[in-house]
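Me: Could you walk me through this chain, part by part? I'm new to this, so please explain the terms as we go.

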Amino acid sequence: MPGAAHHISDALVRMASSGAIGVGIAAALLVAVRMLAPAAERGKLRLPIALLCLHVAVLLARLPLDPASPLHRALSVVGLFFLLTALGRAAFLLVVDLILGIRLGRPLSRIIRDIFQGLVYAGAVLITLRAAGVEPGSLLTTSALLTAVIGLSLQETLGNLFAGLAIQAQQPFEVGDWIQIEPDPRLIGQVIEINWRATKVLTNDQIELTIPNGTLAKSTIRNFTKPTATARRTIEVRGPHDVSPRVVEQALLDAAASAPGVLPAPPPFALAARFEDNGIVYQLYFFTDDFARRDRVDSAVRQRIWFAFQRAGISIPVNTHAVRMADTSSEARARSEAEARQRRLQSLRVVDFLAALPPPLLERLATLTKTCHYMVGEVVIRQGAVGHELFIVQSGEVSVVVGREGGSTAEVARLGPGKFFGEMSLMTGEPRSATIQAVSDCELVKVDKEAFHEILAAAPDVAEKITEVFAARQSAIDENVSVRRARAGAEEARTVALVEKIRQFFSL
């Protein structure tokens, strides 16, 4: 093997000394790389082209010199080095970046490329030294002190190198993965580069962390994107002692169900974690596949928790050491309740089939109803679900979405203040015929079956009047639909007749 290496180096030296042959081979390699490489990769040709130009410049500089002179000899060695590095770099780009990259379907990792490139440059240096009359092996064998110094100085570097090779072989993480090696959550980041010495990680604060590979080899690495991109998130929230844990857990699940970024499978779940002096601590677990936006997903879930708690009448306990100054007198509470009841009464008056109710009963119904808050994106009711509530839009806007065959959906209307929905479910118990979703923060007045039952029980004769108004309203809706269908049929017939006249006129 040493003899073969000597023959190869002698051949390269003779090729370099001939000048034109070496330049021709290097130029051919550069042309091949230029033709095969993508446009974005052609910038890598600048270094080998510059080295080749330096080699040509050295050849021209030694022409007027005496071949036996020391300067001619020194320029020949320098020119050989430039040529070998140009050849090595061009061959590396052709074989490793293009041929191997195409066969593997992806580029080699940074650390593997750096090692191969380093071996190429080391070979060029060894051949150049041999051409200069220096035996590379004698430099190391003649000085034990030099060998020891080099070994000690490269100890940490070699440790990082071999750790980087182990990372490439075992692949505990790859470029693009989100990892954590410190308990501080601020140091969670995305891997952007793995080289022979260190791994670079970019945090959400756009801070680049450079972690030596030796440190990674000794640490416990948490990879949030393996084995799959699905990661579990946890949110803690306190609930009051006087509300059933089942009610609180259901409100938490309702909040997570419609939050953007939360996966439906695996489904979210909630647990009553522990009891404390100022409330019960609940933990909401949900899954997301968008770990880069985890903070925004958590925030969206917390926002929906607030709205869900407001609708369910659940208060979030404050710290027991906090002092809250507020007007809690009976007069203030009564005034606030009266204002809210008056707003609900105004909303009830816009419902046509409730106009038959006498004013006292309508006021009583306003007392029995409640105002519910929904944030943008939350689903109020779902198509096909069972429900017995009527909703009146008090403020904000909701979207009416109807499912179609094949799983597609279409928005058919938007309802603003004064509009209502869910009357069929309230009066007949039929399943919901459409999905209603908030398109802005909304206040909705909810009239449930129990409240309406109390009104009808207090005045049974009113039920018949309400039924008549409701039936007349449905008949008008059906008649309107029939008129639209008949009108559409007439328009279609006119269109067909017009097309036939045009065809006859132009003899088509």
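Me: How much area does the chain expose, and what share do carbon and sulfur atoms supply?

Reply: The chain exposes about 29,800 Å², and carbon and sulfur atoms supply 59% of it; accessible areas come from the Shrake-Rupley method with a 1.4 Å probe, and for residues only the protein chains shown count as cover. Please keep in mind that this is a predicted model, where local features need pLDDT of at least 70 and side-chain atom pairs count only at pLDDT 80 or more, while totals for chains, interfaces and linings use all residues. Residues are numbered from 1 along each chain as its sequence is written, and side-chain values use heavy atoms, with hydrogens and water left out.

Me: How many helices and strands are there, and what percentage of residues count as buried?

Reply: The chain has 16 helices and 16 strands, which are DSSP runs numbered from the N terminus (helices are H or I with at least four residues, strands are E with at least two). Of its 508 residues, 35% count as buried, where buried means under 20% relative accessible area, exposed means over 50%, and partly exposed is in between (1.4 Å probe, protein chains only).

Me: OK, sheets next. What is the strand order in the open sheet of three strands?

Reply: The order is E6-E8-E7, with antiparallel pairing, and two strands pair if DSSP finds at least two bridges between them. Strand E6 (231-239) and strand E7 (269-276) stand at the edges with a single partner strand each, so one side of each has no neighbour in the sheet. From one strand to the next, the twist averages 25°.

Me: How many bridges join E7 to E8, and which residue is the partner of Ala272?

Reply: Seven bridges join E7 to strand E8 (residues 279-288), and the bridge partner of Ala272 in E8 is Tyr282.

Me: Which helix packs on that sheet, touching E6, E7 and E8?

Reply: That is helix H10 (residues 245-257), whose direction makes about 30° with that of E8; contact means heavy atoms within 4.5 Å, while axes are lines fitted to C-alpha atoms, for helices over the stretch in contact, with angles running from 0 to 180 degrees between N-to-C directions. Helix H11 (residues 294-312) lies across E6 and E8, and runs at about 35° to E6.

Me: And the sheet of five strands, which strands stand at its edges?

Reply: This open sheet has the order E4-E3-E2-E1-E5 with antiparallel pairing, and its edges are strand E4 (208-212) and strand E5 (222-223), each left with one side lacking a neighbour because each has a single partner strand. Strand E1 (residues 178-180) pairs with E5 over two bridges, and Gln180 stands opposite Arg222 in E5.

Me: Changing topic, where are the cis peptide bonds at Pro227 and Pro266?

Reply: One joins Lys226 and Pro227, with omega about 5°, and Pro227 lies in the loop between E5 and E6. Another joins Ala265 and Pro266, with omega about -5°, and Pro266 is found in the loop between H10 and E7.

Me: What about Gln206, is that residue buried or exposed?

Reply: Gln206 is exposed, with a relative accessible area of 60%, and sits in the loop between strand E3 (198-203) and E4. Although Gln206 is not a glycine, its phi is positive, at about 60°.

Me: Last one, how many residues of strand E11 are buried?

Reply: Five of the seven residues of E11 (residues 389-395) are buried, so the strand is mostly covered. E11 pairs with strand E16 (residues 442-448) in the antiparallel sense over six bridges, and the partner of Ile392 in E16 is Val445.
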